[in-house]
Amino acid sequence: QTSDAGEYSVAVSNSAGSETGRAATLTVNPRAPPPESTLQFSAALYQVDERAGTATIALVRAGGAVGAVSVNYATSDGTATAGSDYTATSGALNWSDGDGASKSFAIPIANDAFLEGEESVRIQLSEPTGGASLGLLNTAALTIADTSAPAVINGVVRQRSGFVQLRFTGTPGLSYAIEAST
């Protein structure tokens, strides 16, 4: 009995222990390695409302949970700008041996008062360790939905004794410019 890979000659004998004159070749293949883990995003596109404060991004480990593995992640600007629309985020997610559960990380989102429409953030995975590889979904996009209300201005103009009184109300938190001419 051997566990070494290779080809071996085997003599065939009968139940009395006499060789039958027949020989055979036995090929021993090493054990197949455990399936390789692939690490990837759980979706290609994530969406968040800017009022949510954070976006949660999930990763999955597929193909097996043998061995400890990790992968790095990082955000980069799409149409959204780090520092004003979201906080640039990078780090690593780790799986221990036998851990096949999904992992997640958070991207802080800024709730600004600017009317900008939808904006996007790119997210990239890199440098898998522990024999893992990147899956097909190794890049993803985060869409930030703009929730800023359009400016609503109600105005009242009164003229008394040569003075003009203007009173305006608008959406709280927004800045307004008022121009007047005579």
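Two strands count as paired if DSSP finds at least two bridges between them. Strands themselves are DSSP runs of E at least two residues long, numbered from the N terminus. With that in hand, let's walk through the structure. This is a predicted model, in which local features need pLDDT of at least 70 and side-chain atom pairs count only at pLDDT 80 or more, while totals for chains, interfaces and linings use all residues. Residues are numbered from 1 along each chain as its sequence is written, and side-chain values use heavy atoms, with hydrogens and water left out.

A good place to begin is strand 3, which covers residues 38–41. On one side, strand 3 runs parallel to strand 10 (residues 133–134), and two bridges join them. You can find this pairing by eye: Thr38 stands opposite Ser133, and Leu39 stands opposite Leu134. Strand 3 also has an antiparallel partner, strand 5 (residues 54–62), to which four bridges join it. Here Leu39 turns up again, this time opposite Arg61. Leu39 therefore has a partner in strand 10 and another in strand 5.

Now step back to the sheet that holds these strands. It is an open sheet of four strands in the order 8-5-3-10, and its pairing is mixed. Strand 8 (103–108) and strand 10 form the edges, each pairing on one side only. If you are tracing side chains along a strand, a general rule helps: in a regular strand they alternate between the two faces of the sheet.

Next, look at the loop between strand 7 (90–95) and strand 8, where Asp99 lies. What does the side chain of Asp99 meet in a salt bridge? Its partner is Lys103, at 2.7 Å from N to O; a salt bridge here is a side-chain nitrogen of Lys or Arg within 4 Å of a carboxyl oxygen of Asp or Glu. Asp99 counts as buried because its relative accessible area is 16%, and buried means under 20%, exposed over 50% and partly exposed in between, using a 1.4 Å probe and protein chains only. Lys103, at 21% relative accessibility, therefore counts as partly exposed.

A search of the whole structure finds two salt bridges. Besides the pair just described, Asp49 and Arg51 meet through their side chains at 3.1 Å, N to O. Arg51 is exposed because its relative accessibility is 56%, whereas Asp49 is partly exposed at 27%.

From here, move to another set of strands, with strand 9 (residues 119–129) as your guide. Strand 9 pairs with strand 6 (residues 69–77) in the antiparallel sense over seven bridges, and Gln124 in strand 9 is the bridge partner of Ala74. Strand 9 also pairs with strand 11, again in the antiparallel sense, over six bridges. In that pairing, Val121 has Leu142 in strand 11 as its bridge partner.

Strand 9 also holds Glu127, a residue whose backbone deserves a look. Most residues other than glycine have a negative phi. Glu127 has a positive value, near 50 degrees. Is its position buried or exposed? Glu127 is exposed, because its relative accessible area is 57%.

Strand 11 (residues 139–145) takes us to Ile144. At 3% relative accessibility, Ile144 counts as buried. Ile144 and Gly117 are 27 residues apart in sequence, yet their C-alpha atoms are 8.6 Å apart in space.

Both of these residues help to line the largest cavity, together with Glu50, Asp85, Ala110, Asp112, Glu116, Glu119, Ala145 and Asp146. A cavity is found on a 1 Å grid over the protein atoms alone, as a set of points where a 1.4 Å probe fits but cannot get out, and lining residues have an atom within 4 Å of a point. The search of the whole structure finds one cavity of 30 Å³ or more. About 40 Å³ of space lies in it, where volume is the space filled by probe spheres set on the grid points, which are joined across faces, edges and corners.

What kinds of residue make up this lining? They divide into three nonpolar, one polar and six charged. In this scheme Ala, Val, Leu, Ile, Met, Phe, Trp, Tyr, Cys and Pro count as nonpolar, Asp, Glu, Lys and Arg as charged, and the others, Gly among them, as polar.

Terms used:
On a 1 Å grid over the protein atoms alone, a cavity is a set of points where a 1.4 Å probe fits but cannot get out, and a pocket is an open set with protein on both sides within 12 Å along at least five of seven lines; lining residues have an atom within 4 Å of a point.
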